[in-house]
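Visitor: I am new to this structure. Please take one part of it and go through that part closely, with enough of the whole to place it.

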Amino acid sequence: MLGPQCCENPPVLNPVSGSGHVEEVGGLDAYVSGSPDSKLCILLISEVFGYEAPKLRALADKVAASGFYVVVPDYFYGDPYNPTNQDRPVLVWIKDHGCDKGFEDTKSVLEAINNKGITAIGAAGMCWGAKVVMELSKEELIQAAVLLHPTFVTVDDIKCGKAPIVILGAEIDHWTSPALVKQFEDVLASKPEVPSYVKIHPRVSHGWTVRYNLDESEAVKAAEEAHKEMLDWFVTYVK
């Protein structure tokens, strides 16, 4: 479930951040980065703060620099979670933006991506987005999955996943605890047919990969380490 830790240190949204641009993809506005001529696509599925988060877009640009066409859809239709709106706490907001709807929206996004001639797709999800990635994996709609500080993901989801998967958890996470991540790892160990890599990053909190403080060198280093693990997975399995 979502809780206060999912919403700590919110980003300052910026609709013009990043070196890419916004266009419509499968009926959704999306930030896109990288060469449209690439045959390899990475879908980045945001946390509750949405696709205008500058560090998320910077991550998209980093992935694009490795030769991928990167798509970051606006799953919330211009209505990301706003922690300053006390009349609409996250447990109210989420009723309008369930992960099930995100999964359905992704189908049209994938159709549009495939119509561009893309031959392989990987997907990474942070917090809210991780559940959507797992649904894509279950339906074999992607070639590789990466979950970063996931929320809503269950042991049963992991049991049913089909795509090669990385799970990056935080040592300090009240919603997907290290104990739960260990359960995920145990399930994956019993599924040798599905390549997997599971790691609990020490001394970091939920959200560390896209909500780090640029003035804290250790926080930046921890985020960059996770970014590299994600990118290495995509380079290996999205080809």
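Guide: What follows looks at one helix, α1, after a short account of the whole protein and before a look at a helix that packs against it.

This is a predicted model, in which local features need pLDDT of at least 70 and side-chain atom pairs count only at pLDDT 80 or more, while totals for chains, interfaces and linings use all residues. Residues are numbered from 1 along each chain as its sequence is written, and side-chain values use heavy atoms, with hydrogens and water left out.

The protein has seven helices and eight strands; these are DSSP runs, helices being H or I with at least four residues and strands E with at least two, numbered from the N terminus. Its radius of gyration, taken over C-alpha atoms, is 16 Å, close to the 18 Å that the globule rule (2.2 Å times the number of residues to the power 0.38) gives for 239 residues, so the protein is as compact as a globular protein of that length. Of the 239 residues, 54% are buried, where buried means under 20% relative accessible area, exposed over 50% and partly exposed in between, with a 1.4 Å probe and protein chains only.

Helix α1 covers residues 54-64. Its buried residues are L56, R57, L59, A60, D61, V63 and A64. They pack against the strands β1 (21-25), β2 (28-33), β3, β4 (69-73) and β5, and against helix α7. Contact here means heavy atoms within 4.5 Å.

One of these residues, R57, has a relative accessible area of 1% and is therefore counted as buried. Apart from neighbours within four places in sequence, R57 is in contact with N14, P15, V16, S17, G18, V22, Y31, Y51 and E52. P11 is 46 residues from R57 along the chain, and the C-alpha atoms of the two are 12 Å apart.

The helix α7 spans residues 217-237 and has 21 residues. From its first C-alpha to its last, α7 reaches 30 Å, close to the 30 Å expected at 1.5 Å a residue, a span worked out as 1.5 Å times one less than the number of residues. Buried residues of α7 include V220, A223, H227, L231 and F234. An α-helix has 3.6 residues a turn, so residues three or four places apart point the same way. The cover over the buried residues of α7 includes α1 itself, together with β3 (40-45), β5 (120-127), β6 (144-150), β7 (165-172) and β8 (196-205).
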